[in-house]
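Me: Got a minute to go through some helix packing with me? I'd like quick answers.

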Amino acid sequence: MTPPRWPWRGRPGKRPVDTQRTGNPPQGIDGAGPSPRVRVSGEGAVGAGRDISHSAVGEGSRVEHTEVSNRVAGGTVHGGVFQGENVTVNQYLPPPAPGPVVRPVRVGTVPPLASAFQPRPGLREEIDRARERHATVVLTQVLSGGGGVGKSQLAAAYAWQAHAGGVAVLVWVNAAESAQIVAAYAQAARLVGAPGAAGQDAEADAGAFLDWLAVTERSWLVVLDDLTDLEGAQRWWPRPSAGTNIGGRVLATTRRRDALVTGSGRAVVDIGTYTRTEALEYLGERFTAADAPHLLDDRAEDLVEALGRLPLALAHAAAYMINDDVGCSGYLGLFTDRTSHLASLLPPGADTDGYGRQVTTSLLLALDAAEQREPAGLATPAIRLAAHLDPAGHPDTVWATEAVTQYLTAHRTASGASEPVTPEQARAALRLLHHYALLTHTPHDSNRAVRLHALTARAARETVPPADIVATVHAAASALAEAWPEYEHTARDLSAVLRANSDTLADHAGDHLWQSDTHPVLVTAGHSLTAAGLVKEAVTHWQRLAAEAERLLGTEHLDTLSTRANLATAYWQAGRTDEAIVIKERVLADRERLLGHDHPTTLTARANLAASYHQAGRTDEAINIQERVLADRERLLGEHHPDTLRACGSLAASYGRAGRTEEAIGLLERAVADCGRLLGTDHPNTLITRANLAASYWQAGRTDEAVDLLEEVLADREQFLGHDHPNTRAAAEQLRRWDRG
């Protein structure tokens with residue numbers, strides 16, 4: 001990869017830098033030094049962990065013939081960045097007139113490059129392009145949530161390269177607090193001899209350093225790492241150098257994504273996780289360096305995806321695996337174990353690269369700061385709820401639901417507020433988490449507007465107090481149920497996203513969605529699969545729910561009977577008729593015994609059994625039951641109730657199979673008219689009834705009417721259900737058969 005084109009390399013009027021590698025031992029540099037030779041040492045990386053401060057004579061001093069050497073022994077070059085034990089850079093300048101020596105200035109501690117550091121060429125090229133357009137480049141992250149994406153490592157790579165390239169002034173600031181910025185600038189002001197820096201007032205000296213940066217002709221780089229207090233730091237952003245001087249640059253890293261990050265000549269470069277290739281290369285290099293290449297087995301790709309390709313997590317996991325001689329397959333099993341915790345799988349004891357904290361702490365580091373911002377006290381309960389949903393995204397309409405606002409009101413951390421949380425405040429909490437990069441909110445992506453990294457979600461879930469878990473998962477489930485469209489065919493994409501979120505929630509919630517009954521969202525998700533024509537998936541869903549219901553609620557609980565009935569319906573739709581009949585006969589007997597013959601769910605069980613009889617060719621038995629169901633529903637619900645209309649359609653289908661065509665047509669014409677009026681012409685039940693009427697017309701020899709009606713049904717199904725829906729394909733196949741006939 002082409003190294004970054006830093007302005008202090010190859011500037012007009014400067015002699016080229018001669019870089020060579022030697023094995024001479026280095027020494028650390030801090031403050032004033034007796035020699036113009038600059039030495040940096042470290043293990044596995046240039047200057048690993050050493051303070052790099054250096055004294056300098058004031059601005060305007062003459063430079064003697066000098067050599068600046070930074071040595072590397074046994075190092076390598078990674079993406080334009082030297083890596084190894086020591087680096088040597090020899091810079092020869094023409095001998096000037098005699099005068100004081102101007103030495104490079106180094107303030108702060110540049111972090112060492114991590115083991116198996118990945119240069120990430122795509123990101124570095126983006127940073128280089130941004131730097132060409134702006135004086136300040138701000139590194140932040142997108143999609144992945146909080147820390148651990150490698151912002152500081154990328155900044156450190158640039159700092160070490162600038163150091164090796166002979167930048168005159170290099171200042172690295174741990175900028176989490178504005179006071180640290182002031183202190184570093186004040187120290188730098190004294191070292192460069194900035195006019196007005198008297199050493200009596202730190203803020204005055206820091207201001208003098210900023211003034212000096214704006215006019216100096218010396219090259220400089222200021223790195224503001226982990227910039228947190230954007231409000232307090234506004235006055236301490238270095239200004240672009242004046243005139244034709246292009247020697248000054250600022251590089252910053254931050255978790256914040258506020259409007260304050262941009263503006264004033266600053267460009268934002270979003271830093272995400274590793275690519276899959278980078279993640280695999282990291283593990284391969286890390287294991288090879290540890291003489292353990294066997295750990296990179298055939299589950300490596302699955303592992304890097306499970307870790308979300310997060311650099312910080314990969315570093316801790318690799319160290320754990322090396323320490324315990326556990327391969328990718330074994331570690332993946334541990335990591336996906338629901339009972340395991342990040343603190344044990346990514347322990348601080350495995351922190352060989354000096355990250356300095358647990359992964360969980362790093363991921364949620366910004367949460368305390370977010371808690372103090374308005375709307376105060378909502379950040380923590382909000383991220384805990386979001387953490388139980390699909391990391392790939394959920395609709396932000398979830399945050400306007402009553403379930404979410406009530407949950408936030410009840411679980412708002414100590415903020416002194418007593419008023420109910422409004423949907424607007426819930427959305428503000430969402431935006432607050434976005435600003436602190438704890439999740440990502442992109443409102444234009446309506447169905448997956450809210451995303452968070454899977455490890456951030458896991459870290460947040462593991463912080464939920466046991467007493468709050470049930471309330472949290474029930475709030476998330478109820479919010480999904482509220483957000484579900486009334487009719488599947490009106491919002492198929494939204495329904496698919498909600499199904500994915502309900503599946504994720506069910507995995508995380510365990511038994512908590514079965515406290516005294518089945519949470520409605522589990523049932524809604526199952527019906528959604530059926531409506532979408534996903535028959536196999538529906539069978540799997542209802543099999544799981546039926547088993548869970550029997551285990552947790554008992555065999556005669558009404559919800560157990562309902563899940564069993566829904567499983568039977570899924571079997572029927574999948575063509576597994578005999579299995580469906582066995583279950584439906586049992587469900588009908590249980591409901592008649594427990595609820596009575598006229599209970600609505602008993603009538604439904606009776607109608608479902610008749611449908612299976614019809615499918616199995618037991619037409620007379622089906623007609624006997626369906627005539628009874630229709631009479632009961634007309635008596636109990638009225639002639640125009642949707643359930644009564646469905647009973648008409650079912651009985652008509654059986655009449656048609658029995659050759660009682662005119663009776664079938666009479667029932668279906670009545671049902672089509674009522675369904676269109678009550679449900680709408682595009683409702684799936686209306687379309688089914690119209691298709692059945694077309695079949696009856698065909699059977700009665702009214703072929704033109706049959707074809708015209710079925711063509712209308714096919715067009716409507718293609719529009720409202722999609723070309724791949726089973727009912728759409730069935731209508732198309734029926735038309736083809738009629739055309740051939």
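What follows is a short chat about a few helices and one residue.

Reply: Sure. Keep in mind that this is a predicted model.

Me: Start with α23 and α24. What angle do they pack at, and how far apart are the axes?

Reply: The angle is about 155 degrees, and the axes are 8 Å apart. That puts α23 roughly antiparallel to α24, since angles over 145 degrees count that way.

Me: Is their crossing left-handed or right-handed?

Reply: The crossing of α23 and α24 is left-handed.

Me: Which residues meet there?

Reply: From α23, they include Leu603, Ala607, Ala610 and Tyr613. From α24, they include Ala622, Ile625, Val629 and Leu636. Charged residues take part too, among them Arg606 in α23 and Asp632 in α24. The contact divides into 10 nonpolar, four polar and five charged residues.

Me: What covers the buried residues of α23?

Reply: The cover includes α21, α22, α24 and α25. Among the buried residues of α23 are Thr602, Leu603, Arg606, Leu609 and His614.

Me: How long is α23, end to end?

Reply: From first C-alpha to last, α23 reaches 23 Å with its 16 residues. The expected value is 22 Å, so the two are close. Just after α23 comes Gly617, with a positive phi of about 85 degrees.

Me: Switch to α20 and α21. How do they pack?

Reply: At about 160 degrees, with axes 8 Å apart. They are therefore roughly antiparallel to each other. Their crossing is left-handed.

Me: And which residues make that contact?

Reply: On the α20 side, Val539, Trp542, Leu545 and Glu550 are among them. On the α21 side, they include Thr563, Arg564, Leu567 and Tyr571. The split is 11 nonpolar, five polar and three charged.

Me: New topic: Ser528. Buried or exposed?

Reply: Buried, because its relative accessibility is 0%. Ser528 is in helix α19, residues 520–531.

Me: What is Ser528 in contact with, beyond its sequence neighbours?

Reply: Trp484, Glu488, Ser495 and Arg499, leaving aside neighbours within four places in sequence.

Me: Last one, α28. Why does its span agree with expectation?

Reply: At 1.5 Å a residue, its 18 residues should span 26 Å, and the end C-alpha atoms are 25 Å apart.

Me: Which residues of α28 are buried?

Reply: Ala706, Val707, Leu709, Leu710, Val713, Leu714, Asp716, Arg717 and Phe720. Gly722 follows α28, and its phi is positive, near 100 degrees.

How values were computed: Residues numbered from 1 in each chain as written. Predicted model: local features only at pLDDT ≥ 70, side-chain atom pairs only at ≥ 80, totals over all residues. Heavy atoms only, no water. Axes fitted to C-alpha atoms, helices over the stretch in contact; angles between N-to-C directions. Helix = DSSP H or I, 4+ residues; strand = E, 2+ residues; numbered from the N terminus. Parallel < 35°, antiparallel > 145°, perpendicular 65-115°, else oblique. Left-handed = near helix turned anticlockwise from the far one by under 90°. Contact = heavy atoms within 4.5 Å. Nonpolar A, V, L, I, M, F, W, Y, C, P; charged D, E, K, R; others polar. Buried < 20%, exposed > 50% of the residue type's maximum accessible area, 1.4 Å probe, protein only.
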